[in-house]
Each structure stands twice: as C-alpha cells, then as structure tokens.
Amino acid sequence: MNKKFFPGGASGFTLIELLTVVLIIGVLTSVALPSYTRSVERARATEAMAGLKALNDSVYAYAAGRTGANACPTTFNKLSISYPGTMNADRTVITTKNFEFTINSATNAIIPGTDCPGVTAKRLGGTKYDYVIWNPYVRGTGGKGASLACTSTKADSIAVCQSLDLYTEGAKPY
C-alpha cells in the first residue's frame with residue numbers, strides 16, 4: 001500500500017496493487033464460470049425431466065381404461081394437465097423458453113402400461129446445448145420404463161446427460 005496520505009487522511013493503492021486484484025478476480029471468474037454454466041444447464045434439464053414426468057403421467061391417465069383407436073391422446077389439449085408455454089396450432093408441440101415438448105412423435109418412447117407414444121423434450125436455443133430427453137421404454141420389451149433417457153452429439157450436452165445419469169449412447173427417441 002502506498003505510504004503517502006492524501007488530503008483528508010485517505011490512503012491510496014498503487015496501480016500494481018489494483019492490477020493484481022483485478023487479475024485475481026479474473027482468474028477466479030474463469031475457473032468458476034464454466035461450473036456455474038453447467039449447474040444452470042443441469043437445472044434446466046431437471047426442470048424438463050419434471051415436465052416430462054407430469055406430461056407422460058397425464059398420457060397414462062388418459063389411456064387408462066381406453067381401448068382402440070382413441071386410446072392414445074394425439075394432442076396436448078386432450079390431457080388433464082396444462083403446461084406453461086406456447087402451443088402450436090396442431091396442439092402437438094408446447095414451446096417454452098428452453099425446451100420443445102412434443103406429444104405422439106416418438107415411436108420408441110412408449111408410455112409403460114400403454115401402447116401410447118410419450119412426450120419428448122428437445123433443448124432449444126443455443127449452439128452449446130442440444131439434447132433430447134424421452135422415456136426409453138420400447139413396446140414389447142421389459143426395458144427401463146420408469147426412467148428417462150437423454151442423447152446428443154455435442155460434448156457439452158453429453159456431459160449434462162451423463163451428470164443426470166441419463167445418457168444413452170447412440171439411442172434415438174424416434
């Protein structure tokens with residue numbers, strides 16, 4: 001610290017001391033920012049998982065007790081749940097800030113206990129993250145019906161899927 005005193009008794013810092021502090025803050029920020037970004041993306045994916053669970057449960061409730069051609073809902077407005085977001089004209093896609101939820105689009109995402117295709121969640125808006133989350137249950141198998149799967153081709157997205165223990169290499173929801 002500078003030994004000279006300014007009028008009024010205030011002391012000052014040298015330019016080297018200020019630059020050192022700015023450098024330390026820059027290094028700490030560069031270390032912490034990627035971790036923060038991953039945490040935020042993981043929270044977004046967890047939010048999509050909760051939405052998928054609610055929407056798929058609603059598809060299951062719709063299909064319970066129904067048979068034939070009308071057993072599976074083909075649009076979101078047939079479900080007993082409303083989900084925040086903008087619905088397209090066909091009522092088959094709900095778009096939120098971060099995800100696009102699509103009903104009845106994936107032949108490999110069947111709701112366990114039904115023959116109804118489930119809902120998929122595709123990450124929107126960004127070049128860094130691009131992944132799809134869905135229920136990986138396949139008709140006619142005893143697979144992991146209660147869990148979700150996640151897939152992507154981008155390294156950052158794969159890391160998010162792996163951190164949630166959902167990554168399935170090479171799997172596709174359609």
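This note sets out, point by point, the fold of a predicted model and some of its local contacts.

1. Overall make-up. The chain contains 2 helices and 6 strands. Read along the sequence, these elements follow the pattern α-β-β-β-β-β-β-α, so a helix stands at each end of the pattern and the strands come between. Of the 174 residues in the chain, 34% are buried.

2. Surface and long-range contacts. About 10,500 Å² of the chain is exposed, and carbon and sulfur atoms supply 60% of that area. Among contacts between residues at least 6 apart in sequence, 47% join residues at least 24 apart.

3. The sheet. The 6 strands form an open sheet in the order 1-2-3-4-5-6, with antiparallel pairing. Strand 1 and strand 6 (149-151) stand at the edges; each has a single partner strand, so one side of each is left without a neighbour in the sheet.

4. Strand 1 and its partner. Strand 1 covers residues 86-87, and strand 2 covers residues 93-95. The two run antiparallel and are joined by 2 bridges. For M87, the bridge partner in strand 2 is I94.

5. The loop between strand 1 and strand 2. D90 belongs to this loop. With a relative accessible area of 55%, D90 is exposed, because the threshold for that class is over 50%. From C-alpha to C-alpha, D90 and T74 are 9.5 Å apart in space, while 16 residues separate them in sequence.

6. T75 in the preceding loop. T75 is found in the loop between helix 1 and strand 1. Is T75 buried or exposed? Its relative accessible area is 14%, and T75 is therefore buried, the limit being under 20%. The side chain of T75 makes a polar contact of 2.3 Å with the side chain of N77. Beyond its neighbours within four places in sequence, T75 is in contact with D90, R91, T92 and I103. D90, one of these contacts, is the exposed residue of the loop between strand 1 and strand 2 described in point 5.

7. A nonpolar patch on helix 1. Helix 1 comprises residues 15-63. L23, V27 and V31 make a nonpolar surface patch of about 300 Å². V31 lies in helix 1, and at 61% relative accessibility V31 counts as exposed.

8. S30 on helix 1. S30 also lies in helix 1. S30 is partly exposed, with a relative accessible area of 47%. The side chain of S30 reaches the backbone oxygen of V27 at 2.9 Å; V27 is also one of the residues of the nonpolar patch.

9. Salt bridges in the structure. How many salt bridges does a search of the whole structure find? The search finds 4. Among them is the pair D57 and K53, whose side chains meet at 3.0 Å, N to O. D57 and K53 are 4 residues apart in helix 1, so about one helical turn separates them. At 38% relative accessibility, D57 counts as partly exposed.

10. The network around E41. E41, R44 and R123 are linked in a network of salt bridges. One link is between the side chains of R44 and E41, at 3.6 Å, N to O. These two residues are 3 apart in helix 1, and about one helical turn therefore separates them. The other link joins the side chains of E41 and R123 at 2.7 Å, N to O. E41 lies in helix 1 and R123 in strand 4 (residues 119-123), so this pair ties together parts that are 82 residues apart in sequence.

11. Exposure within the network. Which members of the network are buried, and which are partly exposed? E41 is buried, with a relative accessible area of 1%. R123 likewise counts as buried, at 6% relative accessibility. R44, at 28% relative accessibility, counts as partly exposed.

12. Points to look at in the structure. Three places may serve the reader as landmarks. The edge strands of the sheet are strand 1 and strand 6. The loop residue T75 is buried and is in contact with residues that include D90 and I103. The salt bridge between E41 and R123 connects helix 1 with strand 4.

Note on methods
Residues are numbered from 1 along each chain as its sequence is written. This is a predicted model: local features need pLDDT of at least 70, side-chain atom pairs count only at pLDDT 80 or more; totals for chains, interfaces and linings use all residues. Side-chain values use heavy atoms; hydrogens and water are left out. Patches are made of residues with over 30% relative accessible area and no salt bridge: like charges are joined within 9 Å, nonpolar side chains (Val, Leu, Ile, Met, Phe, Trp, Tyr) within 5 Å. Accessible areas come from the Shrake-Rupley method with a 1.4 Å probe; for residues, only the protein chains shown count as cover. Buried means under 20% relative accessible area, exposed over 50%, partly exposed in between (1.4 Å probe, protein chains only). A polar contact is a pair of N or O atoms within 3.5 Å; within protein, one must be able to donate a hydrogen and the other to accept it, and residues adjacent in sequence count only if both atoms are side-chain atoms. Contact means heavy atoms within 4.5 Å. Two strands pair if DSSP finds at least two bridges between them.
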